[in-house]
Amino acid sequence: MKEKVLVVPCSGIGKSLGSVAREGAYVLAEDLCPQETKLLPLALIVLGQDETRAELSSAKAITIDGCVRACAAKVVEGAGGTVAHGLQVLDVCRRHPDLKPSGISELDESGHKLAHALAEEVKELVDNMWGRVTHA
Amino acid sequence: MPELAKKKVGLIACSGEEMPEGTITRLAVRQVLESLRPQLTVTICLPLFLAGGEGDRAFARSHPTIAVDGCEKRCAARGTEMYSGKPAVSIVVSDRMPTDSSELGSARRLSGTGMQVARDVADQIARHVDELLQPEWDRRRERPLESIKPQEESRPQQATCSCGSGIPVETLQVGGREVALIGLPLVFAQFRGEGKLPSNSTKTELIETLRIYNPIPHEDEAAYAEAILQKYAAFCRRSN
Amino acid sequence: MPEEDFKVTIDKFTFLIPKGLSYNEAGVWVKLEGNRARLGLSDFAQQHSGDVAFAKVRPVGTKLESGDEFADIETVKVNVSFPSPVKGTIVEINLSLEGAAELINQDPYGKGWLAVLELTDWENDRTGVLDAKAYSALVKDQAEAEMRK
């Protein structure tokens, strides 16, 4: 697969996990997989930017949601996009119980570490989508 | 029966990830919510709002809102208008940039200049919150009461409650014409529950409470107050 | 939502309080099922706690007095232990919560139930729990106090 994977974080403003979703998406798109991924703002999908919707229809998306309401996944599906993987930051939290984030405007150290852990998990998914072998 | 909303202002930030201005909206709104006006504001989560969050949408329908956008795409303002109503105030960060956008840092990490812009935007939001909450806010016409010309008030409009929260509307005769007041039955029920008898002091309290949710022109206040008190007295008689 | 449910709305938050259940002040609901009681967290308790990462309920066979802690909830925000509103023995716990603790948030009065107890002193316990109306009033006070913080 050579098409960039679209990454849609919820960026929810009410909870730390929304900020973790946002920061994790940045780590992924800017640091870990800049050639393979592209950040897509959720609001632009809803508000009918034609070129955004066109991107969505031709590529696969990974959504990153900060809570169980799964707004990013709902929005992508509602716009006719394909959610290849819908991640919940809460699930990543469960796999890293020592990393409890706090702060919304500014994540604390645990929050940043959790964002990195999230980005690493998504990187594996992206590598699989690009047909790359991931080493244990 | 649904509760009447206490008056607060809803803040909606675009939080756009593509540019530093989007991050500025996020930080500015959080600053107002956490430090500048914590008791007077509520943040509305834009993704939840757009994805169908009925609580956020209902709140935005029955309270004044301030949309804070990073750029001219105005996702927060347009989304708010689409699902609840036009925001009372729309701020676009890119419109008010005194400096080159590149000085703001990145979307992920704002520079010192970017952080200062966020603080400035937060101050601006806080001033708008104060303006919105001081004079009476005409929810139906989406503007402060002072901007309504007297001749507009002579054409009473039927208030419809589209917020989905079930806030009832009731009409009464004021000065020979029929006016609709949002929340009248709820206010009556609250006052009755608090044991307030129909009196001059109750009349004053009724007007002050109803003014939060309805435009009541100062020049007609006496007529409104008298009509409301009579209606309240009838309500109390029925409740006995 | 059935018409008989109470609803408390503070700002943009709405908390459902179904009639037909009893509640303690910590927000644990009780549903009578013959001589047994099903327990769970109220809508207010789950919203107030935050997204549940882990939920641990005392094992089957545990004997509880009214007020004894019977469930521990870990969210991103807090770790909270909840007291039982009733005296009895745990006869069933919700095993679904092991893999999907978020059920407590998504369906607090349905699939998010916590435990079932065999009751031993309901006649006494019933005087110490709140009906939906009284609990609604408490929720309103607690929610408004939270908003003022």
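**Chain B, burial.** I began with burial in chain B of this predicted model. Chain B has 240 residues, and 43% of them count as buried. I then listed its secondary structure: nine helices and eight strands.

**Chain B, contact range.** Next I looked at how far apart in sequence the contacting residues sit. I took the contacts in chain B between residues at least 6 apart in sequence. Of these, 61% join residues at least 24 apart.

**Cores.** Which residues touch the most other members of the largest nonpolar core? I found B:Leu11, B:Val68 and B:Ile125. That core holds 87 residues. A separate core has 37 residues. Among its members I noted C:Trp29, C:Ala55, C:Phe70 and C:Val86.

**B:Leu11.** I followed B:Leu11 further, leaving aside its neighbours within four places in sequence. B:Val68 and B:Ile125 are both among its contacts. The contacts of B:Leu11 also include B:Val29, B:Val32 and B:Leu33. I noted B:Thr41, B:Thr43, B:Ile44 and B:Ile66 as further partners of B:Leu11.

**Chain C, sheet.** I moved to an open sheet of three strands in chain C. The strand order is β6-β8-β9, and the pairing is antiparallel. Which strands lie at the edges? They are β6 (52–57) and β9 (79–83) of chain C, each paired on one side only. Neighbouring strands of this sheet are turned by 20° against each other on average, direction ignored.

**Chain C, β6 with β8.** I checked one pairing in detail. β6(C) and β8(C), residues 69–75, pair in the antiparallel sense over five bridges. C:Val52 has C:Thr75 of β8(C) as its bridge partner.

**Chain C, helix α4.** I tested the length of α4(C), residues 132–148. At 1.5 Å a residue, its 17 residues should span 24 Å. The end C-alpha atoms are 24 Å apart, so the length agrees with expectation.

**α4(C), two faces.** Which residues of α4(C) are buried? I listed C:Ala132, C:Tyr135, C:Ser136 and C:Val139. They cover an arc of only 105° around the axis, so they sit on the same side of α4(C). The face turned away from that buried side carries exposed residues: C:Lys133, C:Asp141, C:Ala145 and C:Arg148.

**α4(C), cover.** Last, I looked up what covers the buried residues of α4(C). The cover includes three strands of chain C, β1 (6–10), β2 (13–17) and β3 (22–23). Helix α1 (43–49) of chain C is also part of the cover.

Note on methods
Residues are numbered from 1 along each chain as its sequence is written. Chains are lettered from A and ligands numbered from 1 in the order in which they are written. This is a predicted model: local features need pLDDT of at least 70, side-chain atom pairs count only at pLDDT 80 or more; totals for chains, interfaces and linings use all residues. Two strands pair if DSSP finds at least two bridges between them. Helices (H or I, at least four residues) and strands (E, at least two) are DSSP runs, numbered from the N terminus. Axes are lines fitted to C-alpha atoms, for helices over the stretch in contact, and angles run from 0 to 180 degrees between N-to-C directions. The expected span of a helix is 1.5 Å times one less than its number of residues. A residue is buried if 20 or more other C-beta atoms lie within 10 Å of its own, exposed if 12 or fewer, and partly exposed in between; C-beta atoms are placed from the backbone. The arc is that of the directions from the helix axis to the C-beta atoms. Two residues are in contact if their C-beta atoms, placed from the backbone, lie within 7 Å. A nonpolar core is a set of buried Ala, Val, Leu, Ile, Met, Phe, Trp, Tyr and Cys residues joined through C-beta atoms within 7 Å.
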